[in-house]
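Open the model in your viewer and keep the sequence panel beside it. The tour below goes from one selection to the next and says what is found at each stop.

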Amino acid sequence: MMKLTFLGTGTSCGVPTIGCTCHTCSSDDPHDKRLRCSALIETPETRLLIDCGPDFRQQIMPHPFRRIDGILITHAHYDHVGGMDDIRPYCQFGEINVYADPLARQGMLQMLPYCFAEHRYPGVPAIRLHEIHPHEPMDIGDCYITPIQVMHHALPILGYRIQAQSADLVYITDMKSIDIDSELPYIQGTDVLVVNALRHTPHHSHQTVEEAIGFARRVGARQTWLIHSSHDIGRHEEVNATLPADIQLAYDGQVVEL
């Protein structure tokens, strides 16, 4: 069994957005409160975090305090790695293994230089940074993980296919486009797809809802969950009423068992 918990499903500004009184931001529905994107993957043997944004402390507090076996980084934009300093308490279980492609690795070295200095200040996070590449699979605990490359406008970033026993999940965020010929073979056949859908109107670096639906249909997963959604997308309940039953907006704190 694999358990997926959506720690955050919002875009870089979160929802509600500071200073905004729109229909979505003024909602009292907790499903419309979206922290920055991150997910927790758990099996009986392994615990993985996908991205570690600036809301990580708030997101992880309700969960049992135990070892994190690996952090999978999609890219080094602040809304996806801005909470890395808050992993310090987990270092009592040992070094934290963090996996990133060369661009994200370099970005983290620049953002958190004190974590990688030759003589580190006592108490900084103990991070072991691993460089990974698309299509080169790896094992973390009982999870078999294959990085996938997508494009965040002109920036190549990573998605992940995570398999454990009979569970099969693909997680993609911040995608605008994808090389179907090279990447789709690494995605098709998955049971659950998680993919970004920013809003309905076009954006230069993120998929719209309609683009996400089209991509989901090409993948053919049993269930697709939409994430990285801005306030412009509308209220959770209203949007989901317009979507197919097998393609729905995820919400913060939602648990999906595979």
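## Strands side by side

Select valine 194 together with tryptophan 225: the valine stands opposite this tryptophan, which belongs to strand β12. The model on screen is a predicted one.

Now widen the selection to residues 192-196, which form strand β11, and to residues 223-227, which form β12. The two strands run parallel, and five bridges join them. A second facing pair can be picked out here, since valine 195 stands opposite leucine 226 in β12.

Stay on β11 and look at how its side chains point. Val192, Val194 and Asn196 point one way, while Leu193 and Val195 point the other way. Are these residues buried or exposed? Every one of them is buried, and the strand is described as mostly covered, with five of its five residues buried.

Next, select β12 alone. One side carries Gln223, Trp225 and Ile227, and the other carries Thr224 and Leu226. Both faces are covered, with these residues all buried. As a count, five of the five residues in β12 are buried.

## Neighbours on either side

Add residues 167-171, strand β10, to the view. Strand β10 runs parallel to β11, and three bridges join the two. To see one facing pair, select valine 170, which stands opposite leucine 193 in β11.

Then add residues 247-249, strand β13. Strands β12 and β13 pair in the parallel sense, over three bridges. For a pair to display, take threonine 224 and its bridge partner in β13, isoleucine 247.

Which helix forms a unit with β11 and β12? Select residues 209-219 to show helix α5. Together, β11, α5 and β12 make a right-handed β-α-β unit.

## Charged pairs

Switch to side chains and look for salt bridges; the count for the structure is 13.

- Select aspartate 32 and arginine 34. Their side chains meet in a salt bridge at 3.7 Å, N to O. Both residues are buried.
- Select arginine 36 and aspartate 55. This salt bridge has an N to O distance of 2.6 Å. The pair links distant parts of the chain, 19 residues apart: arginine 36 is in the loop between β1 (3-8) and β2 (38-42), and aspartate 55 is in the loop between β3 (47-50) and α1 (56-60). Aspartate 55 counts as buried because its relative accessibility is 11%, and the cut-off for buried is under 20%.
- Select aspartate 85 and arginine 88. They form a salt bridge whose closest N and O atoms are 3.1 Å apart. Arginine 88 is partly exposed, with a relative accessible area of 41%. Aspartate 85 is also partly exposed, at 21%.

To finish with the charged residues, select Lys3, Glu42, Arg47 and Arg66 at once. Salt bridges that share partners join these four into one network.

## Ring pairs

How many aromatic pairs does a search of the whole structure find? The search finds three.

Start with phenylalanine 65 and tyrosine 90. Their rings form a tilted pair, 4.8 Å centre to centre, with 50° between the planes. Phenylalanine 65 lies in the loop between α1 and β4 (70-72), and tyrosine 90 lies in the loop between α2 (78-81) and β5 (96-100), so the pair ties together parts that are 25 residues apart in sequence. Phenylalanine 65 is partly exposed, with a relative accessible area of 41%, whereas tyrosine 90 counts as buried at 5% relative accessibility.

Keep phenylalanine 65 selected and add phenylalanine 93. The ring centres are 5.1 Å apart and the planes are at 45°, so this pair is tilted. Phenylalanine 93 is in the loop between α2 and β5, while phenylalanine 65 is in the loop between α1 and β4, so the pair ties together parts that are 28 residues apart in sequence. Phenylalanine 93 is partly exposed, with a relative accessible area of 33%.

For the last stop, add Phe56 to the view. Ring pairs link Phe56, Phe65, Tyr90 and Phe93 into a cluster.

Technical notes. Residues are numbered from 1 along each chain as its sequence is written. This is a predicted model: local features need pLDDT of at least 70, side-chain atom pairs count only at pLDDT 80 or more; totals for chains, interfaces and linings use all residues. Side-chain values use heavy atoms; hydrogens and water are left out. Buried means under 20% relative accessible area, exposed over 50%, partly exposed in between (1.4 Å probe, protein chains only). Helices (H or I, at least four residues) and strands (E, at least two) are DSSP runs, numbered from the N terminus. Two strands pair if DSSP finds at least two bridges between them. A crossover is right-handed if, with the strands pointing away from the viewer, the path from the first strand over the helix to the second runs clockwise. Rings of Phe, Tyr and Trp (its six-membered ring) pair if their centres lie within 6.5 Å; planes under 30 degrees apart count as stacked, over 60 as edge-to-face and the rest as tilted.
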